[in-house]
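Open the model in a viewer and keep the sequence panel beside it. The stops below follow an order for selecting parts of the chain.

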Amino acid sequence: MTEKTGGCMCGAVRFVAYDVPTSFGACHCEMCRRWTGSALLGVTVPEDRVVWEDERHLNRIASSDWAERGFCSQCGTGLFFRVTQAGEWSGGIELPIGIFDDPTGFEMNNEIYIDHKPDSFAYAGSGRKLMTRADCVEKFSVLDEA
């Protein structure tokens, strides 16, 4: 785990993240695909370990009854996904690895909603945990309501 800096495309929103793990995951659900235009490739950092330098242009949208997504109001860069409902997924903030100033040093360890992945997507490497939508719903009960 390490400290990393990052921000949006235009620089209006910047952050420092502490205790950033080296492993990340990919989410292929429809909402993440539409939000990113691809899969969400994100690393989960404890929410209290992300310090936003200036929140004036940091906007949030409720993407479901139990989660929100943050974005820059100036350039539209997607900045995070966060569960807002208390429970099994709360306490972390999912930061896309592409918004880090130095996005190197990460290793993909899981893919969720693998059964929703476009057939043309194929990531290099092996040994990742793969979960279908049904696997995710079974593990995280809040998804059963989605």
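## First stop: the N-terminal strands

Select residues 2-7, strand β1, and residues 14-20, strand β2: the two run antiparallel and are joined by five bridges. Keep in mind that this is a predicted model. To check the register, pick Gly7, whose bridge partner in β2 is Arg14. Six residues separate the two strands, which form a hairpin, and Gly11 in the turn has a positive phi of about 90 degrees.

Stay with β2 and add residues 50-52, strand β5. These two strands pair in the antiparallel sense as well, over three bridges. Here, select Phe15 and find Trp52 of β5 opposite.

## Met9, in the first loop

Go back to the loop between β1 and β2 and select Met9, which is placed there. Is Met9 buried or exposed? Its relative accessibility is 69%, so Met9 counts as exposed; the cut-off for exposed is over 50%. Now show what lies around this residue. Apart from neighbours within four places in sequence, Met9 is in contact with Cys75 and Thr77. Draw a distance from Met9 to Cys75: C-alpha to C-alpha the two are 6.6 Å apart, although their positions lie 66 residues apart in sequence terms.

## A second hairpin

Next, select residues 58-62, strand β6, together with residues 67-72, strand β7. Five bridges pair them in the antiparallel sense. Which residue of β7 is the bridge partner of Asn59? The partner is Phe71. β6 and β7 form a hairpin too, with four residues between them.

## The pocket and strand β3

Switch on a surface or pocket display and look for the largest pocket, with a volume of about 970 Å³. Its lining comprises 41 residues; those nearest its centre are Phe81, Trp89, Glu94, Ile112 and Phe140. Colour the lining by class: 21 of the residues are nonpolar, twelve polar and eight charged.

Which element gives the most to this lining? Strand β3, residues 23-27, does so, with five residues.

Within β3, select Cys27. Its relative accessible area is 9%, so Cys27 is buried, the limit for buried being under 20%. Beyond the neighbours within four places in sequence, the contacts of Cys27 are Cys32, Ala39, Leu40, Ile112 and Tyr113. Ile112 has come up already, as one of the residues nearest the centre of the largest pocket. For a longer reach, draw a line from Cys27 to Lys139: they are 112 residues apart in sequence and 15 Å apart in space, C-alpha to C-alpha.

## Zooming out

Finally, show the whole chain as a cartoon. The secondary structure comes to two helices and eleven strands. From the N terminus on, the order of elements is β-β-β-α-β-β-β-β-β-β-β-β-α. The radius of gyration is 15 Å, close to the 15 Å given by the globule rule for 146 residues, so the chain is as compact as a globular protein of that length.

Turn the C-alpha trace along its principal axes, where the spans are about 40 × 35 × 25 Å. Colour by accessibility: 41% of the 146 residues count as buried. With contacts displayed, take those between residues at least 6 apart in sequence; 53% of them join residues at least 24 apart.

Terms used: Residues are numbered from 1 along each chain as its sequence is written. This is a predicted model: local features need pLDDT of at least 70, side-chain atom pairs count only at pLDDT 80 or more; totals for chains, interfaces and linings use all residues. Side-chain values use heavy atoms; hydrogens and water are left out. Two strands pair if DSSP finds at least two bridges between them. On a 1 Å grid over the protein atoms alone, a cavity is a set of points where a 1.4 Å probe fits but cannot get out, and a pocket is an open set with protein on both sides within 12 Å along at least five of seven lines; lining residues have an atom within 4 Å of a point. Grid points are joined across faces, edges and corners, and a volume is the space filled by probe spheres set on the points. Ala, Val, Leu, Ile, Met, Phe, Trp, Tyr, Cys and Pro count as nonpolar, Asp, Glu, Lys and Arg as charged, and the others, Gly among them, as polar. The radius of gyration is taken over C-alpha atoms; the globule rule is 2.2 Å times the number of residues to the power 0.38. Buried means under 20% relative accessible area, exposed over 50%, partly exposed in between (1.4 Å probe, protein chains only). Contact means heavy atoms within 4.5 Å.
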